[in-house]
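Work through the exercises below with the sequence and the structure open. Each task is followed by a solution in steps.

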Amino acid sequence: MKIVGIAACTSGIAHTYIAKEKLMKAAKELGHEIHIETQGTIGTEDELTDLDIKNADIVIVAADINVGGKERFAGKKILNIPTNIAIKSPKSIIKKIQADLGL
Amino acid sequence: MDLSKVIRSETIKLDMEATTKEEVVEELTDLLFQVNAISSRENFLKDVFYRESIGTTGIGNGIAIPHGKSKFVNKTSLAIGRTKADIDWKSLDDQPVRFIILFAVTEEDKNSTHIKILAKVASNLGDDDVCAKLLKAKSPEEILDIFSGR
């Protein structure tokens, strides 16, 4: 399946980037395509493209704060989780999404 | 990644005596104070413990990343420590912590090279293999090599 998402934490220094890395590694190991945008102290990096979003089966918002640009996901299935959950059990999250979507 | 901009070997301590989370943060803060990276030990500690009160910085795999974005930081820096004892950190995986990276960040640092380096360090910690290597590293140089991908 195709996954897009955003990672963002309170101070925008550490958890954001750990969460992104964990989700990317888990998705790739499970054979999925993934693109995660980070919104941190240094601003937005690896910004999602319209095409990424259009083709995505699911949007994962791993955030402890309000993220910017949520309107880009209109009509998409969105999973909202705190960064801690993405760091703690990235594989189970992705497996559960896969089961729920039947993909 | 040029880690030398944010970390020097004087702020890496691989044989920490601390046995509690508070002692760990204090011992690492002392290292930062000795190299002039922070201007006030007490006030910086307050900011770090405030962050701890918001949510755990124990990310699992035996690693914790306490951090303070604080006006008492002179220069964005890292202090790294490994403890002899298991430390209770209320980590995400409920396991004790042995390897701690204290992030000290100035309030002005926004789009700087320093923050980008910290983000890379954090990304590295999302890799289980890197975490395992850090726990076994034998010298400060080895730790710097692990983060540099050598």
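**Exercise 1: the sheet of chain A**

In β5(A), A:Leu79 is the bridge partner of A:Ile60. The model is predicted: local features need pLDDT of at least 70, side-chain atom pairs count only at pLDDT 80 or more, and totals for chains, interfaces and linings use all residues. Residues are numbered from 1 along each chain as its sequence is written, while chains are lettered from A and ligands numbered from 1 in the order in which they are written.

Task: Work out the strand order of the open sheet in chain A and say which strands are at the edges.

Solution.
- Step 1. Fix the terms: strands (E, at least two residues) and helices (H or I, at least four) are DSSP runs, numbered from the N terminus. Two strands pair if DSSP finds at least two bridges between them.
- Step 2. Strand β4 (residues 58-63) of chain A is joined to β5(A) by four bridges, and the two run parallel.
- Step 3. Strand β1 (residues 2-8) of chain A runs parallel to β2(A), with six bridges between them. In this pair, A:Glu37 of β2(A) is opposite A:Ile6.
- Step 4. β2(A) and strand β3 (residues 43-45) of chain A run antiparallel and share three bridges. Here A:Gln39 faces A:Thr44 of β3(A), and the two strands form a hairpin with two residues between them.
- Step 5. The five strands of chain A therefore take the order β3-β2-β1-β4-β5, an open sheet with mixed pairing, given that strands of a sheet pair either parallel or antiparallel. β3 and β5 (78-81) of chain A are the edge strands, each pairing on one side only.

**Exercise 2: strand β2 and helix α1 of chain A**

Task: Is strand β2 of chain A mostly covered or uncovered, and what unit does β2(A) make with β1(A) and α1(A)?

Solution.
- Step 1. Count a residue as buried if 20 or more other C-beta atoms lie within 10 Å of its own, as exposed if 12 or fewer do, and as partly exposed in between; C-beta atoms are placed from the backbone.
- Step 2. Six of the eight residues of β2(A) (residues 33-40) are buried, and the strand is mostly covered.
- Step 3. Together with β1(A) and helix α1 (residues 15-29) of chain A, β2(A) makes a right-handed β-α-β unit. Right-handed means that, with the strands pointing away from the viewer, the path from the first strand over the helix to the second runs clockwise.

**Exercise 3: two helix pairs**

Task: Describe how α1(A) meets α4(A), and how α1(B) meets α2(B).

Solution.
- Step 1. Axes are lines fitted to C-alpha atoms, for helices over the stretch in contact, and angles run from 0 to 180 degrees between N-to-C directions. Under 35 degrees counts as roughly parallel, over 145 as roughly antiparallel, 65 to 115 as roughly perpendicular and the rest as oblique.
- Step 2. The axes of α1(A) and helix α4 (residues 90-101) of chain A come within 8 Å and cross at roughly 55°, which makes α1(A) oblique to α4(A).
- Step 3. Residues are in contact if their C-beta atoms, placed from the backbone, lie within 7 Å. A:Lys22, A:Leu23, A:Ala26 and A:Ala27 of α1(A) meet A:Pro90, A:Lys91 and A:Ile94 of α4(A).
- Step 4. In chain B, the axes of helix α1 (residues 21-34) and helix α2 (residues 41-54) come within 10 Å and cross at roughly 130°. α1(B) and α2(B) are therefore oblique to each other.
- Step 5. Residues making this contact include B:Val25 and B:Phe33 of α1(B), and B:Phe44 and B:Val48 of α2(B).

Technical notes
Contact = placed C-beta atoms within 7 Å.
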